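Subject: Structure handover

Hello,

Here is the structure for you to take over. Please load it first, then read the notes underneath.

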Amino acid sequence: RPRGAARRRRGRPRRAGRRRPVAPARRRRGRSLRGRARGGGGGRGRGPRGSACRSGSRRRAGRRARGRGAGGARGAAAAARRGASVVVAEDAAVYAGLCALAGFTRGELQEEVVGRPAAMNFLGIAPGVRGMVADFMAGDYSRCLRALGRAVESSFSLDIYLREHIEAIQASIKSKAMVQYLAPYQAADLGKMAAVFDTDSKTLQHALADLIAAGKIPMKLDVHAGLALRPPTRKPASSSSSSARPEPLDKAAASARAVMRDVETVVLRLRLARAGLSAGSGARGAAV
């Protein structure tokens, strides 16, 4: 309160009913402060000095309250800034699954993701991505790419961290699926392949041409026949036919020769036994 108001109310008698109860400790502390303000003992401090002391205390309390409010606002803003860089577990599972599909080979995906229960349990937080990984490993590339396309349209393109990279990730996953689709074939029908990857023949031909030029698919395109052909493997140049044979065939031939030698030895021993002959000195016949 201003000093003038305190002076004007100085002579008015205070009503006993309007006085609020004060705790003993606070009352003693207030009396001592008011007493110091008056320059004497522990009086009630109804003079101008006591009023000035009370108004100064109120101003200091107001400044402390405003400081606490400003500090709380600054703390809330800092917490909001820190929260902007925090990623929830579901988003982390989505990022991990997509990066594994785009970056790992089939063997690495089996070893690092599918073969580890902890990794699959973590991907279970994002069931859609886990389903994509399972479909890719099962060879169901059509279902995997359809699920990826729906997820890109619905949520992935709206993610603040993923939207800048989702197109490159999607293209990488599709290229890997094409490479894995053609891996077991010597000749693949482009029409059936276009139906699997949900695209037209011209777009598929351009995509396969880029993969062949990059050296990822060792095949050739026959556009007129609508086929992707794998060239025959060249035999190593060698004069002898035995060196051109692979090692398993050599092992099989050696095993067959050993069996034939054992069989001939058994037959020879049977014939000698029937003739009464033996390999050493015997009771009958001469020694052989």
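The notes below cover three helix pairs and one pocket. Please keep in mind that this is a predicted model.

**Helices α7 and α8**

Helix α7 covers residues 127-138, and helix α8 covers residues 141-154. Their axes come within 7 Å and cross at roughly 155°. An angle over 145 degrees counts as roughly antiparallel, so that is how α7 runs against α8. The crossing is left-handed. From α7, the contact takes M132, D135 and F136. From α8 come Y141, R143, C144, A147, L148 and A151. By class, that contact has 7 nonpolar and 2 charged residues, with no polar ones.

**Helices α4 and α7**

α7 also packs against helix α4, which spans residues 89-103. Here the axes come within 9 Å, and the crossing angle is roughly 20°. The cut-off for roughly parallel is under 35 degrees, and α4 and α7 are therefore roughly parallel to each other. This crossing, too, is left-handed. α4 brings A93, V94, G97, L98 and L101 to the contact. α7 answers with V129, M132, V133 and F136. The split is 8 nonpolar, 1 polar and no charged.

M132 and F136 deserve a second look. Both belong to the contact of α7 with α8, and both belong to the contact of α7 with α4.

**Helices α4 and α9**

α4 has another partner in α9. The two axes come within 8 Å and cross at roughly 45°. That angle makes α4 and α9 oblique to each other. α4 passes α9 in a left-handed crossing. On the α4 side, the contact residues are L98, A100, L101, A102 and G103. On the α9 side, they are I166, I169, S172, I173 and K176. The classes come to 7 nonpolar, 2 polar and 1 charged.

L98 and L101 of α4 take part here. They also appear in the contact of α4 with α7.

**The second largest pocket**

Which elements give two or more residues to the lining of the second largest pocket? The pocket itself holds about 150 Å³ of space. The elements in question are α9 (166-182) and α11 (201-213). α11 gives the most, with 5 residues. The full lining is:

- A171, K174, S175 and M178
- T199, T203, L204 and A207
- D210 and L211

In terms of class, the lining divides into 5 nonpolar, 3 polar and 2 charged residues. α9 therefore links the two parts of these notes: this helix contacts α4 and gives residues to the pocket lining.

Best regards

Conventions. Residues are numbered from 1 along each chain as its sequence is written. This is a predicted model: local features need pLDDT of at least 70, side-chain atom pairs count only at pLDDT 80 or more; totals for chains, interfaces and linings use all residues. Side-chain values use heavy atoms; hydrogens and water are left out. On a 1 Å grid over the protein atoms alone, a cavity is a set of points where a 1.4 Å probe fits but cannot get out, and a pocket is an open set with protein on both sides within 12 Å along at least five of seven lines; lining residues have an atom within 4 Å of a point. Grid points are joined across faces, edges and corners, and a volume is the space filled by probe spheres set on the points. Helices (H or I, at least four residues) and strands (E, at least two) are DSSP runs, numbered from the N terminus. Ala, Val, Leu, Ile, Met, Phe, Trp, Tyr, Cys and Pro count as nonpolar, Asp, Glu, Lys and Arg as charged, and the others, Gly among them, as polar. Axes are lines fitted to C-alpha atoms, for helices over the stretch in contact, and angles run from 0 to 180 degrees between N-to-C directions. Angles under 35 degrees count as roughly parallel, over 145 as roughly antiparallel, 65 to 115 as roughly perpendicular and the rest as oblique. A crossing is left-handed if the near helix is turned anticlockwise from the far one by less than a right angle, and right-handed if clockwise. Contact means heavy atoms within 4.5 Å.
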